[in-house]
Amino acid sequence: METLSENACFGGIQGVYKHASTATGTDMTFGLFLPVEAQDGPVPVLWFLAGLTCTHENAMTKAGAQSWAAEQGIALIFPDTSPRGDGVADDDAFDLGQGAGFYVNATKDPWAPHFQMWDYVTEDLPGLVFEKFALDPERQGITGHSMGGHGALTIAMTLPEQFRSVSAFSPICNPTASDWGRKQFAAYLGDEDNADWLAHDTSHLMTQRGFDGPMLIDTGTKDQFIDLLRPEALSHAIASRRQQATFRMQPGYDHSYFFVSTFMEDHVAFHAEALWA
């Protein structure tokens, strides 16, 4: 692991690190905020998965999460959204290829050799950070924005033993019925009949298994991508399953990090309540 930068931040340290990933077969970069409490022992962890076109840096610099995490004494991890590099497959479109890993393990060429983002986020990167830093693997929460909200919700519902809480900002809620999902799943996973599609659809997973823990979801009513996000599908699935969840449509807000930063305090406090319980 290589340290790219470390800066004092709200009494703690905001670091950026690079490592060789066994999952993606590439070098990967991630951000990690450690509160001052990490000097005395392992602290709870909140993962933030970013959206389409983003790197580790977008939420790290725009979401305003560090001040609230420092107040609550929890760490923040900001993974990248895909493998990158000259030898990594890509596409001219912004919503496929580098910057658009969709948090799945690709099974189809040319994506399969490197686009193993599910394994990277759930196994590879956790294995590294829990070894190298003062983090508590028994107290993890996960959140994300847009494509990252999709990732956070599907990962939490599939691996509930790893996460005490889950939240999302404007998540892609029903990708098997949206162009933000169908296009990527066809490329990464193959034809529509492939059962892997449903394994990465938040609304389907909600009807099948839900999440045995607290859940918070925020979407703006003026989100310019709301028809692609399909929040109504997830809302119906939550109600049908009678899942414990706070599902909020925020009047006037769009898809930007202005929206994310506005409600970041709520989300960090929500996770801190579960992680410190």
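**Exercise 1. One side of a helix**

Work out which residues of helix α5 are buried in this predicted model, and where they sit around the axis.

*Solution.*
Step 1: Find the helix. α5 runs over residues 179–189.
Step 2: Pick out residues with under 20% relative accessible area, the cut-off for buried. That gives you W180, G181, Q184, F185, A187, Y188 and L189.
Step 3: Look down the axis. These buried residues cover an arc of only 165°, so they lie on the same side of α5.
Step 4: Recall a bit of helix geometry. With 3.6 residues a turn in an α-helix, residues three or four places apart point the same way.
Step 5: Ask what lies over that side. The cover for the buried residues of α5 includes α4 (147–158) and α7 (226–229).

**Exercise 2. The overall fold**

Find out how the radius of gyration of the protein chain agrees with that of a compact globule.

*Solution.*
Step 1: Count the pieces. You'll get nine helices and nine strands.
Step 2: Get the expected value. For 277 residues, a compact globule would come out near 19 Å.
Step 3: Compare. The chain has 17 Å, which agrees.
Step 4: Add the spans. Along the principal axes, the C-alpha trace stretches about 50 × 45 × 35 Å.
Step 5: Check burial and contacts. Buried residues are 59% of the 277. Of the contacts with a separation of 6 or more, 72% join residues 24 or more positions apart.

**Exercise 3. Charges**

How far apart are the mean positions of the positive and negative charges?

*Solution.*
Step 1: Count 15 positive and 36 negative charges.
Step 2: Take the mean position of each set; the two are 5 Å apart.

Notes: Residues are numbered from 1 along each chain as its sequence is written. This is a predicted model: local features need pLDDT of at least 70, side-chain atom pairs count only at pLDDT 80 or more; totals for chains, interfaces and linings use all residues. Side-chain values use heavy atoms; hydrogens and water are left out. Helices (H or I, at least four residues) and strands (E, at least two) are DSSP runs, numbered from the N terminus. The radius of gyration is taken over C-alpha atoms; the globule rule is 2.2 Å times the number of residues to the power 0.38. Buried means under 20% relative accessible area, exposed over 50%, partly exposed in between (1.4 Å probe, protein chains only). Contact means heavy atoms within 4.5 Å. Lys and Arg count as positive and Asp and Glu as negative; His and the chain ends are not counted. The place of a charge is taken as NZ of Lys, CZ of Arg, CG of Asp or CD of Glu. The arc is that of the directions from the helix axis to the C-beta atoms.
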